[in-house]
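Colleague: I would like a close look at one part of this model, namely the salt bridges and the places where their partners sit. Please take me through them slowly, and add whatever helps to set them in context.

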Amino acid sequence: MDSEGHAHGYWYGKDPGQKAIAVDVLNALRDYRASEQAMRRRTRSSMGMGEKDLLALRYLFEAEAAGKLMKPKDLGDKLGITSASMTTLIDRLVESGHIRREPHPTDRRALILKATTGSDQEVRHTLGGMHRRMLDAACALSPDESQVVVNFLRHMREALDAIDEEEPPRS
């Protein structure tokens, strides 16, 4: 174990040199993810919302910023939830004052969803400082460092998105 409490040998064995440095990078990434998850729990708790609720608001903010309309089915597809679950989520967010249903401007049979001004202000108040600190950390990187980080994160995403084709160990 190192001073951060990371076990270096569990997944990657004990190897000095480049492999040890790579393990340090993966441990730092793991620590970042743990901090991000803790921040999300604190945010959900302080706003009294679930993870899908916050994600729904994010998608509504993004749609509005892009000048796009968001129907309940579109939001449900983005969230990966059933129409019944979507209805429950919408009812909850309408009741809490975070979103509103409005008639579709060109299809009178359809509804669109919009985040309320109050929810935008609440999210900005709750998360604004954290986003400023994250941007400050990213701005502190040189252009070369930024490119290395971007490339690394893209490679990590590809590694996670790949389907393991190795056969599982036999018992």
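Modeller: What follows goes through three of the salt bridges in turn and then turns to a histidine, a helix and a surface patch. Please keep in mind throughout that this is a predicted model.

The structure holds nine salt bridges, and side chains of opposite charge can pair in this way when their charged atoms come close. One of these bridges joins E36 and R40, whose side chains meet with an N to O distance of 3.2 Å. Both residues belong to helix α1, which covers residues 18-47, and they are four residues apart, about one turn of the helix. E36 has a relative accessible area of 26% and is therefore partly exposed, and R40, with 38%, is partly exposed as well.

A second bridge, between R58 and E62, brings the closest N and O atoms to 3.0 Å. Its two residues lie in helix α2 (residues 51-65), and because they are four residues apart there, about one helical turn separates them. For E62 the relative accessible area is 40%, so that this residue counts as partly exposed, while R58 is partly exposed at 42%.

The bridge between R101 and D91 has an N to O distance of 2.3 Å. This pair links distant parts of the chain, since R101 is in strand β1 and D91 is in helix α4 (residues 83-95), with their positions 10 residues apart in the count. R101 is partly exposed at 37% relative accessibility, and D91 is partly exposed with a relative accessible area of 37%.

The loop between β1 (99-103) and β2 (111-115) contains H104, which at 14% relative accessibility counts as buried. A polar atom of the H104 side chain lies 3.0 Å from the backbone nitrogen of T106. Leaving aside residues up to four places away in sequence, H104 touches L69, K71, A110, L111 and I112.

Helix α5, made of residues 117-139, has a kink of about 50° centred on L127. L127 is also among the buried residues of α5, together with S119, V123, G128, G129 and M130.

Finally, L141, V149 and L153 make a nonpolar surface patch of about 210 Å². Of these residues, V149 is placed in helix α6 (residues 143-161), and V149 is partly exposed because its relative accessible area is 35%.

Note on methods. Residues are numbered from 1 along each chain as its sequence is written. This is a predicted model: local features need pLDDT of at least 70, side-chain atom pairs count only at pLDDT 80 or more; totals for chains, interfaces and linings use all residues. Side-chain values use heavy atoms; hydrogens and water are left out. Patches are made of residues with over 30% relative accessible area and no salt bridge: like charges are joined within 9 Å, nonpolar side chains (Val, Leu, Ile, Met, Phe, Trp, Tyr) within 5 Å. Accessible areas come from the Shrake-Rupley method with a 1.4 Å probe; for residues, only the protein chains shown count as cover. A salt bridge is a side-chain nitrogen of Lys or Arg within 4 Å of a carboxyl oxygen of Asp or Glu. Buried means under 20% relative accessible area, exposed over 50%, partly exposed in between (1.4 Å probe, protein chains only). A polar contact is a pair of N or O atoms within 3.5 Å; within protein, one must be able to donate a hydrogen and the other to accept it, and residues adjacent in sequence count only if both atoms are side-chain atoms. Contact means heavy atoms within 4.5 Å. The bend at a residue is the angle between axes fitted to the seven residues ending there and the seven starting there.
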